[in-house]
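Trainee: Could we take a close look at one strand hairpin and the sheet around it, and then turn to the charged pairs? I would like a connected account rather than a list.

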Amino acid sequence: QHHKYAGDNQQQYPEAAHAIKTKPYMDDYLDSKSTVQGSIKMIQDVTHVHKQGGFEITGWVSNSEELLALVPEEHRGERMKAMEVDTGNNVQRILGLHWDTVEDIWTFTTNFEKLDQDLITGTRPPNKREILAVIMSVFDPLGLVAHFTVKGKMIMQAVWRQGYGWDDEINGAALEKWNQWVQELQEISTVRLPRCYSPWNPEKCTVQLHVFVDASEEAYCAAAYLRFEKDEEVKTMLVMAKARVASLKAVSIPRLELMAAVLGVRVASTLTKELDLSIGSTTFWSDSRTVLCWIRNADTPRYKQFVAHRVGEILETTEGPNWRYVPTKLNVADDGTRSKGPTSFDPNGRWYQGPEFLSRPKEHWPTEPNDRYKPEDEVLEVKGGQVGYVHQEHRVLPGLDRSSYLRLLPTPA
């Protein structure tokens, strides 16, 4: 019904019609504009179009008091009705995410009401079922703390590998890692990330997308950053990340690095489709020179099936020149592949701001060593050559009268 009335008003309210078709999620409508004036016009037009179909939008929430002042009080969200800005009472749940409308930031919470708090604080050992429940309670669809949640998934995989039953309490090294993880879990409530990607109007600056991919024996990760440049000043910010544990079955590092590259391409495709930004260029960064060879050679028929299929998917939306080499130490995606070491939730750290070199001009970005690197065919998983030879012999059964085909059929060999 919403789409029908949006289509009916397409000519008179083109922007509102497009927003109604693309911005709602279930019964919620989410949108963002660069200016207050643009937001006010969008609210008025969207509200008008919905009224044409007999729908009334209520529960409006915004980080702009000027905008909310134009919305009737009965149509505002519960915490917006009194126009109060007291800290602690301004966090709204937006599709499961926590949005502080006063500071305009994303936050996380460890107030998991359905879980035993002794599990969250590490007071008692958990069983496998409880470990899974705690890990899945951290709702993070954008992967803003993926470098932390993947460590929990690694613990779950290790517990699974050791053969624990669903109700068996863990112990030993697994319990030690779990206690370290739940201690860090308390810190995610301190994460405060700007909702707005850039302090500048994106229509007045250059926008680039940079995707970093990496893998280890434990996990593989892709982290995407938006880079805004205006008047030689640069701002970068994490926009989305995905981290997955490696398979229980042994997989080579080059293959895991290739899986990370595929994950990075999928993340980039999602962002390009969903973001209302004019992205000028997209660059992919990997520290695996084997993966870079696979992508740049683009001769998929030469590769074995595993490699050929994934390289083929990568080349559907990217080209060799889109891929660049980055040293391992500068690859931020590496943070989402390691189980050891503390997790940094510093909003000014490299996980959230990207590597330092992105804030510099392009000529100062890392370049690949000029050593004519060429992996062996075995590493590249090139199909081996095969030559077939067929020798045909004409044999005749002794004493057989072959003059009749029908007489030949019942003859035993």
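In what sense do β3 and strand β4 (residues 97-100) pair, and over how many bridges?

Mentor: A word on the basis comes before the answer. The model is predicted, so local features need pLDDT of at least 70 and side-chain atom pairs count only at pLDDT 80 or more, while totals for chains, interfaces and linings use all residues. Residues are numbered from 1 along each chain as its sequence is written, and side-chain values use heavy atoms, with hydrogens and water left out.

To your question: β3 and β4 run antiparallel to each other, and four bridges hold the pairing (strands being DSSP runs of E with at least two residues, helices runs of H or I with at least four, both numbered from the N terminus; two strands pair if DSSP finds at least two bridges between them). Two of the contacts can be named: I94 of β3 faces L97 in β4, and Q92 has W99 of β4 as its bridge partner. Between the strands of this hairpin lie two residues, and L95 there adopts a positive phi near 50°.

The residues just named also bear on the two faces of β3, which spans residues 91-94. In a regular strand the side chains alternate between the two faces of the sheet. In β3, Q92 and I94 make up the covered face, whereas V91 and R93 make up the uncovered one. Thus I94, which stands opposite L97, and Q92, which is bridged to W99, both belong to the covered face.

The hairpin is part of an open sheet of four strands, ordered β3-β4-β5-β6 and paired in the antiparallel sense. At its edges stand β3 and β6 (192-194), each of which pairs on one side only.

The charged pairs come next. The structure contains 15 salt bridges (a side-chain nitrogen of Lys or Arg within 4 Å of a carboxyl oxygen of Asp or Glu), and three of them can be described by how far each partner is exposed, where buried means under 20% relative accessible area, exposed over 50%, and partly exposed in between, with a 1.4 Å probe and protein chains only.

In the pair of R124 and E130, the closest N and O atoms lie 2.7 Å apart; R124 is partly exposed, with a relative accessible area of 24%, whereas E130, at 18%, is buried.

E229 and R227 likewise meet through their side chains, at 3.1 Å from N to O. Here E229 is the partly exposed partner, with a relative accessible area of 29%, while R227, at 3% relative accessibility, counts as buried.

The side chains of E368 and R289 form another salt bridge, with an N to O distance of 3.1 Å. This pair links distant parts of the chain, 79 residues apart: E368 lies in the loop between α12 (350-353) and α13 (377-380), and R289 belongs to helix α10 (residues 289-297). E368 is partly exposed, at 27% relative accessible area, and R289 is buried, at 14%. Beyond these pairs, K23, D31 and D276 are joined into one network by salt bridges that share partners.
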